[in-house]
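Here's a quick briefing to read alongside the structure. Have the viewer open so you can click through the residues as they come up.

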Amino acid sequence: MADETGLGKSMVARGVIAKAIERLDQGDSGVDRIDVVYVCSNADLAKQNLSRLNVTGQKDIIESGRLTLLPTELAKLNAPAAPGTRKRVNFISLTPGTSFNVGGATGQARERAVLFRILAQLGVINEEQHSDAVELLRAGSSTGRFARRVQYMHEQFPGGFSVPVRNRFRTIAHQSGNLPAFRKALREASRDGANAVRPRMSAIIGGLRGDLAQAGLDCLEPDLIILDEFQRFRDLLYSPGTAPSDEDPAAELARQFLNYKGAKLILLSATPYKAHTAANDADGDDHAADFRQLLRFLSSERSGYMESLEADLDDRRTQLLKQVPDEALTERIEDQLRLFMARTERPQLGKDDMLSVIEMAPTDVRATDLASYKSLSALFRATRTGNPMEYWKSVPMFAHFLTDYKVGRMLDGRIQCDREAVDPVLPVLTTIDADAYRRYGAVETDNAKFRAVRDHTVGQGWWKLLWMPPSLPYVEPSGAFAEVGMAVTKQLVFSAWNAAPTAITTLLSYEAERQILEGSPLHGENTADARKRFRGRLRFRVREGEPQAMSTLALFIPHAALALVGDPLQAAAMNGSLAAANAVREAAAVAGSALVGSASVEPSNRLGAWASYFSVPGALPAEWANDLKLAANELRAVDEFSQQQGKASDDGGTDHEGGSEAGLYLAHLDRMLEAISADPTWEEGVQDLAVNSPANCMYRALRRIVPDDFDGAELWKAAVFAATGLRTLFNRLDVTELLDKLYPEGDYWQKVLRYCEGGNLQAVLDEYVFQLRSQQGPETIDKEQLWALAGDIRRALSLKPAQMLAKYPDESHEDLRMGVRFAVRYSNSKTEDGDSNRMPEVRRAFNSPFWPFVLASTSVGQEGIDFHWWAHSVIHWNVPRNPVDFEQREGRVHRYLGHAVRKNVAAAHGAAVLKPGMSDPWRTLFEVASADIAAQPESSSTEFAPHWIHPGAHKIERRLLDHPLSRDVPRTKHMLNGLAKYRLTLGQARQDDLLGLIKDGAELKPLNLRP
């Protein structure tokens, strides 16, 4: 399956999995259990796509990624069948870089603990040898830490691992010689001490890991193997004796796996071969060799196939050179290729009315930039490390972020250099003014590209927005959203330079934070100690036994009845277009007060709008029938569940006034239940809570996707749970300061309501929930799916700010630990606080409407990852040489239900949807759009409409950042020319030579491999 990027290959794979399970689940299929193995290039891609492929909806997916850890999962392999199937179905995720590539390396501590446990189970390690074995297997771990991990593994598997894997490992490790080698090392350690033996343990551990991987592989009985983005490990497709890495045991292990008897294999990739290569490619890749090797693998059982195909491809080269179409030859090649390969392509971006090319020419080059280049040149001369021009152009404030480059390793002392020549140069390098930084002062950079990006994002006022504007607003936007405008989209930035994403996101995040906090009388000091002194305005507080933050609670507990009468969607539907905010509130006041009747409160008895809000009948789900004791127990259970899921970051401080956070929250819940049982009243301000409270917005958004007979109590509790993420958002230091700046008057809870109203939070959440739901199965949503969706929202709002280190090369100041939140990098590198597994969390947050608004990445984010939910703009910080890489970048935002598509669909059909009785606007929008497309004549563009493309004002933005008059300009022009024509040269050698001979406008068509 070689469909173009973003067309849903994984959804086709989902259908194949469903069909395979349906067939293999029959009693006469010949299998006792069904193993579906998903192989991809990294763990984040696995997490993204396994949720789509899991057609049974089971929870016990094996995501260890490593074959060496498979023994710990064998209980799952042979567990009882899930509801709806006769046989056990297993989904196993593997990543070749960690699963198959085991030789010579010591691996993770957990893998070595598995080795320890299985060796002890085999009797190779006895009690007397325990300490020596810990020393031999600990590798880089400390003795105490590894001993604890071994003990934990023993406690987790007191009976050891299954007999089949144990016996298989013993056989393989004995035959390889690794088991005898370990026995010998253990004897020598007992005699001479472990330190004498440890230096040669790496090879033994690596060998044992390979043996354990083989034993784990033998435990699997794959029925269906799916290789996703397999071009990253295409060497696995070579036959023994022909692979470039033929001596690599990892490749041999993988090939054995792929050739498992009876297993069916699906290869998924938009680029299953290197689609375009040049003669001077640094990595030596060759398109023709890749393409033909892939076909050899696929056609291995068809004699004479490759000889015939290669002859036809050679004839096609002649046809291309003469530029004379030969339809018979073309059709013959297409028919041969379709036997093993299918590829569907959308109309090329630019020919589908979905492309906008924007030249962001960075012309704002200043004298200080040139001074920075001069000082950087002096450093490179002193270190003899090459030409600084590309570094200066590509990495803003390079002096702070050079750690991973050769010059940085020299300054850190990891590589020797001439310190007498280097040290005098360091003080003149351009660095951040530390004093300005500590008071949130302006920090000017030395990079015109960065200024262009900063002006496009922070400079457009994005820092005033906490979420993206909705594609289909219900209420007239106001405040910051009216000022900034509704056309904004998140920004994706791609760079070939590893340091660029770190530098870009660090400096952009600081600038956004500075705009909010500079000059703040309370929090204008930019230090860790100052941030620790912040106390969030939405904390729960108790004084003398009386809860003090009931208005806060009212923001984040939905009112089941008032949520319905205060729905902005219904107001817009009645109006047939955008509704005025005051009109929505007035309508809610009329409908809400009718629930209360003529009851009023004496001024002396008024407790506040919160008390009236909770007193209005229907606050709790109807299923609880006003059973306050049941409500108390259920709310406590939700709070306990929230605590188990992990406390969100930035909760506004841990020094809680009057007790623990959980205890204070429960005291407020008790007070709320008292108000619910009191006589109903209506006070001014209740209508505002009914319409705009984050909890009511969340409740309505979730309610739109559930059927009418859904359990109302589960819906209400899921809304409470998801709304804790919104409380985290509004309790942050930067958000508190922002709302104070935007709304100088009023209590903080009122400012939250004003902001939610002005930013159409209801419409935003409706759109976001629609997107999340689109990733689940087409069946009616159940309780588990609803809670999973609520959990995704909460986690997206709880992304911790990563800490990036800006170093001073001359050590003149303490290095700056700079938090990033407005802009983040997508990288598998560790942050300065040691967090190396942020990729799934970063992707989840970027695919939400909330911060971060800018994501910067290198090629690690270029293939297979979805970034299109709230982004349709790509900045090419520097343009790749290969047109396929360029296409892959833009393919991240040109995908199913992308942001630009949703905006265009909403603009075209929003008026038709805003009608009385509307309950699920986004599903209805695409139903109306699909019907409109179906009524039009069929064409290449209507085939992909309305879900992939839709005409309108909003485009996929291709933003180019080439310096005028630089060598980058003709390089980009050459690449874009290749982008338009490279498909013609499928299967051909020396593609660049051939493309240079094909004239623009030649009437030649690429091969059509559509099924």
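What follows covers the overall fold, then charge pairs, ring contacts, one helix and one loop residue.

Keep in mind that this is a predicted model. The chain holds 44 helices and 15 strands, and buried residues account for 59% of its 1011 residues. A search of the whole structure turns up 58 salt bridges, along with 35 aromatic pairs.

**Overall fold**

- Along its principal axes, the C-alpha trace spans about 90 × 80 × 80 Å.
- The radius of gyration comes out at 31 Å, which agrees with the value near 30 Å for a compact globule of 1011 residues.
- Of the contacts with a separation of 6 or more, 78% are between residues 24 or more positions apart.

**Salt bridges**

- Take Arg636 and Asp670 to begin with: they form a salt bridge whose closest N and O atoms are 3.0 Å apart. Arg636 lies in helix α30 (residues 628-644) and Asp670 in helix α31 (residues 661-677), so this pair ties together parts that are 34 residues apart in sequence.
- Both ends of that bridge are partly exposed: Arg636 has a relative accessible area of 26%, and Asp670 has 33%.
- Asp792 and Arg795 make a salt bridge inside a single helix, with N to O at 2.7 Å. The two sit 3 residues apart in helix α38 (residues 783-796), about one turn of the helix.
- That spacing fits a general point: an α-helix has 3.6 residues a turn, so residues three or four places apart point the same way.
- Asp792 is partly exposed at 23% relative accessible area, and Arg795 is partly exposed at 38%.
- Arg923 and Asp920 also pair up in a salt bridge, at 3.8 Å from N to O. How accessible is each partner, Arg923 and Asp920? Arg923 is partly exposed at 48%, whereas Asp920 counts as buried at 12%.
- Some bridges share partners: Asp364, Arg366, Asp369, Glu444, Arg451, Arg454 and Asp455 are joined this way into one network.

**Aromatic pairs and charges over rings**

- Among the 35 aromatic pairs is Trp467 with Phe730, an edge-to-face pair with ring centres 6.3 Å apart and 80° between the planes.
- Which parts of the chain does this pair link? Trp467 is in the loop between α21 (448-456) and α22 (480-484), while Phe730 is in helix α34 (residues 712-730), 263 residues apart.
- Trp467 and Phe730 are both buried.
- Another pair, Trp922 with Phe926, is tilted, at 6.3 Å centre to centre and 35° between the planes. These two are 4 residues apart in helix α42 (residues 921-934), and are therefore separated by about one helical turn.
- Trp922 is buried with a relative accessible area of 1%, and Phe926 is buried at 4%.
- Trp467 and Phe730 turn up again in one aromatic cluster, together with Phe481, Tyr755, Tyr768 and Phe850.
- Charges sit over rings too: the charged end of Lys490 is over the ring of Phe846, 5.2 Å from its centre. Arg902 lies over the face of Trp870, at 4.8 Å from the ring centre.

**Helix α42**

- This is the helix that carries Trp922 and Phe926. Its 14 residues should span 20 Å at 1.5 Å a residue, and its end C-alpha atoms are 20 Å apart, which agrees.
- Which residues of α42 are buried? They are Pro921, Trp922, Thr924, Leu925, Phe926, Ala929 and Ile933.
- Those buried residues pack against α27 (568-575), α37 (761-774) and α41 (899-913).

**His947**

- You'll find His947 in the loop between α42 and β15 (956-960).
- Setting aside neighbours within four places in sequence, His947 is in contact with Arg895, Tyr896, Leu897, Gly898, Val901, Phe926 and Ser930.
- Phe926 therefore shows up in two places: in the tilted pair with Trp922, and among the contacts of His947.
- His947 and Thr271 are 676 residues apart in sequence, and 22 Å apart in space from C-alpha to C-alpha.

Key
Residues are numbered from 1 along each chain as its sequence is written. This is a predicted model: local features need pLDDT of at least 70, side-chain atom pairs count only at pLDDT 80 or more; totals for chains, interfaces and linings use all residues. Side-chain values use heavy atoms; hydrogens and water are left out. A salt bridge is a side-chain nitrogen of Lys or Arg within 4 Å of a carboxyl oxygen of Asp or Glu. Buried means under 20% relative accessible area, exposed over 50%, partly exposed in between (1.4 Å probe, protein chains only). Rings of Phe, Tyr and Trp (its six-membered ring) pair if their centres lie within 6.5 Å; planes under 30 degrees apart count as stacked, over 60 as edge-to-face and the rest as tilted. A charge sits over a ring if NZ of Lys or CZ of Arg is within 6 Å of the ring centre and within 35 degrees of the ring normal. The expected span of a helix is 1.5 Å times one less than its number of residues. Contact means heavy atoms within 4.5 Å. The radius of gyration is taken over C-alpha atoms; the globule rule is 2.2 Å times the number of residues to the power 0.38.
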